[in-house]
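I opened this model to look up strand pairing, two helices and the enclosed spaces. My notes follow in the order I made them.

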Amino acid sequence: MSVNLDKCWLNHIHIDHSIQSYAFSTETNLSKTLEQELTHFFAAEKVQDSKEAQLFFEMKPLANLGEEGFRMEQKENQIIITAATSKGWLYGFYHLLRLFSQGKPVVELESIPDNRFRMVNHWDNMDGSIERGYAGDSIFFRDNQFREDWDRVREYARLLASVSINALTINNVNVHQVETYLIREPLLSQVAKAAEIFRSYGIKLFLSINYAAPIEMGELTTADPLDETVQAWWQQAADTIYAKISDFGGFVVKADSENRPGPFTYGRNHADGANMLGRAIAPYQGVVFWRCFVYDNHQDWRNRTIDRARAAYDHFAPLDGEFLDNVVLQIKNGPMDFQVREAVSPLFGALKKTNQILEFQITQEYTGQQKHIFYLVPLWKEVLDFDTHAEGEGSTIQKVLNRYPEHPSLNGITAVTNVGLDNNWTGHKLSQANFYGFGRLGWDASLTAEEILEEWIAGTFTLDDAAKEVLKEIMMTSRYVYEEYTSPLGIGWMVEPNHHYGPNIDGYEYSMWGTYHFSDRNGLGVDRTVATGTGYTSQYYPENFEKYEHIETCPDELLLFFHHVPYTHVLKSGKTVIQHIYDTHFVGVEAVKGYQEKWESLKGQLAEEDYENVRLRLIEQMRCATEWRDQVNTYYYRKSGVVDEKNRIIYP
C-alpha cells in the first residue's frame, strides 16, 4: 500500500511491514507535532488497531544520544524508538519511514547527527522575489509583507524536519532597506509567528541582517562596531527581538562584500564587527554566522597579481582565535563561488580556534539553475572527504568541522536553499534530490551519494528495478555531463553576467569581479602558483601545496584553476588541452540526448505531471548544452587556430 504525506519527502511510501498500532511505554507524552505525524500516518494508511505490531517511544536521558539522536530496535512485534527528547523521537520516526520506503527491515541502531547545525539560508526578498531562485516566488513574502500563508510555512517546516534540518534564515543575505525592518514591529510579530511554526518541528529561526541597519533605519549616522552608541543600538535590537522570540537563533551577516556595508568602512576588522553583534545576543544564547565571502569586487582586470581566490583566507586566517564563542565563520566550499569545479577552500584546517560552518549552494546558480539535471551530492561528498592535512593524513573537511575549535559546539553545514512556491517546491522535479541529499549528508556524512539517491528515489517514485537503475544512471552522471558541455578543467565562470545562465566566455573577462580565464592565442588558465603566479597555492598545507603548485602533479580536472598552460599541453589522459575542450563539449551534448531517450523509457511508470516536468526541462537542457558546445568550441578554435583532429564542424 502507499501513503501520501503531502509535500513531505516521504510520499508514496511502499510498506513491506505491517505496523498496526502505536502505544506509549512511558508516561511522557509525545510532542504535539509527533502526535500529528503519527495520526496523519496511520489515518493515511487506514491502519486498524491490532496486536500484530506496535510502535513504542521511550524517553531516556541517554548522554550518548545528545539532544537529537535516537536509538531504534525491534523486539518481536515491537519497534522501539528511544531518545532523550521528543526531537529525537521525531527524527527517529522519519528514519523509520525512510526504511519503509526502501523496504528495509528495522535493525538495531543508534543515530546521532554529525553536524550540530544543519541549516538552510533563504535568499528571499520582501517583494516576493528570490535572488538565485528558480522555483517560483517566496513562500514567506510578497509586496514587502508576509504572505501569511501559514499552512504552506508549516508544510515547509515539516519538509525540513523530515531531512533533519534544524535551523534556517528566511530572508536574503543581501539585506535591502525594507528587510532591515524585520527586526522591529510590526514585522517582528510576523517573524515570531513563523518562528513558532518552525519551533514545533525543532527548527530555530535566524534572520539575515544589514550590518549598517542603524544607518539604514535612520537612527544613527555610523555603524562603527567600536562606537558605544552602535553597540547600544544593537543591544536594544537584541532585547526587542528576544522579548518577542525567546529562542531566536541569531543573525547571519554578509559584510564588506559585493558592495555590502561592514567594519572595513571604519578601519575595523571582521572580528571587531562580528564580536560586537555576538556580545549583543550572547545573553540569550544567540549565534552570529559571519560569512567569509569577502573580496575586492572592484578589481582592475589588467592587474594579474590580484586573485579573488586568495581573499577569504587573507582576511580571516590571521584573525583565528579572535572571535567570540558565539560567532561562527560561514565559509563557502570553494574560494570562488559555487562553480561546477573549483578547489576546496583552504580556510578549512587553517582556522583551529574559531567556530566554522561549511556553506554549500543547493540552488543551482552556476549549475543549470534547476533547468538542467545536476545531482549535487557527489560534489558535496568530494568536499566533505577532502583531506586538508591539517593534522596529518585523514584530516578531512568533516573531521575539521568536528575538531576545531578544541570543544566545538556550533559547527556544521549550511546551504542556500532551492525552494519556492512551485507545486513541487523546487521547479525541476529531480532537483528535490539535492535538497533531500543536503539534509541527509548533514546528519550522516558517511552516506554515499548513491545511497542517498536510492533513498530519495524510493521515497519519491514507484518504479521497477530497471527503471530505478535508469534514473540512478542519469542522476549519478549528471554533474560530469554538465561539466563536459560547460567550462573545462576547473576554469569556471564562462557564463552570462548577472543571471549566470548560458554561455558567455568573455562575460566576466574584462570586469571588476575578478573571475578571469586569461585565454590568449597561446593558452588559458589562471596561474595561482607561488613560483610565477598569485601565490594562492601557499594557503594549503604542504601536501596539497605540492600537489597543486606543480603542473605534473596537479589533477587535470583542476589544471586551469591553478595553472596557465598552452593549448598543446598534454593532459594525463594523453589528450591536448584543446582537443579535450573539443571532445568533452561534443560528448556532453550527446549525453544529454541520451538522457532524453532514457527519460522517455520511464513514461508510464511516472505520474504524468512528473514525467512532463522533466521532459520539458530536458528539451531546454539540450538547447542550452548545444549552445555551450558551439560557442566554446568556436571561441577556442578562433583563439588557438588548432583544428579539431576529428574534423567535426565546431564553428558556424
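I count two strands as paired if DSSP finds at least two bridges between them. Helices (H or I, at least four residues) and strands (E, at least two) are DSSP runs, numbered from the N terminus. The model is predicted: local features need pLDDT of at least 70, side-chain atom pairs count only at pLDDT 80 or more, and totals for chains, interfaces and linings use all residues. Residues are numbered from 1 along each chain as its sequence is written, and side-chain values use heavy atoms, with hydrogens and water left out.

**Entry: strand β4**

I started with β3 (residues 70-75) and β4. They pair in the antiparallel sense over 5 bridges. Arg71 has Thr82 of β4 as its bridge partner. The hairpin of β3 and β4 has 2 residues between the strands, and Glu76 takes a positive phi near 55° there.

Next I looked up β2 (residues 54-59). It pairs with β4 in the parallel sense, over 6 bridges. Here Leu55 is matched with Ile79 of β4.

Why is β4 largely enclosed by the rest of the structure? I found that 5 of the 6 residues of β4 (residues 78-83) are buried, so the strand is largely enclosed. Buried means under 20% relative accessible area, exposed over 50%, and partly exposed in between (1.4 Å probe, protein chains only).

**Entry: β10, β11 and β12**

I then followed β11 (residues 250-253). It pairs with β10 in the parallel sense over 4 bridges. Leu207 has Phe251 of β11 as bridge partner. β11 also pairs with β12 (residues 287-291), in the parallel sense over 4 bridges. There Val253 is matched with Trp290 of β12.

**Entry: helix α4**

α4 (residues 187-199) has 13 residues. From first C-alpha to last, α4 reaches 18 Å, close to the 18 Å expected. The expected span is 1.5 Å times one less than the number of residues.

I listed the buried residues of α4; among them are Leu187, Leu188, Val191, Ile197 and Phe198. What covers the buried residues of α4? The cover includes β8 (145-146), α3 (150-162), β9 (167-169), β10 (204-209) and α6 (228-244). Contact here means heavy atoms within 4.5 Å.

**Entry: helix α12**

α12 (residues 449-460) has 12 residues and reaches 16 Å, close to the 16 Å expected. I note that 9 of the 12 residues are buried, so α12 is largely enclosed by the rest of the structure. Trp456 and Glu455 are among the buried residues of α12. The buried residues pack against α2 (86-102), α9 (377-384), α11 (432-443) and α13 (465-485).

**Entry: cavities**

A cavity is a set of points, on a 1 Å grid over the protein atoms alone, where a 1.4 Å probe fits but cannot get out; lining residues have an atom within 4 Å of a point. Grid points are joined across faces, edges and corners, and a volume is the space filled by probe spheres set on the points.

How many cavities of 30 Å³ or more does a search of the whole structure find? I found 9. The largest has a volume of about 150 Å³. It is lined by 21 residues, and Met336, Gly514, Tyr516, Val526 and Arg528 lie nearest its centre.

The second largest cavity holds about 100 Å³ of space. It is lined by 13 residues, with Cys292, Phe293, Ala312, Gly334 and Pro335 closest to its centre. α8 (311-316) and β13 (327-332) are the elements that give two or more residues to this lining.

Note on methods: On a 1 Å grid over the protein atoms alone, a cavity is a set of points where a 1.4 Å probe fits but cannot get out, and a pocket is an open set with protein on both sides within 12 Å along at least five of seven lines; lining residues have an atom within 4 Å of a point.
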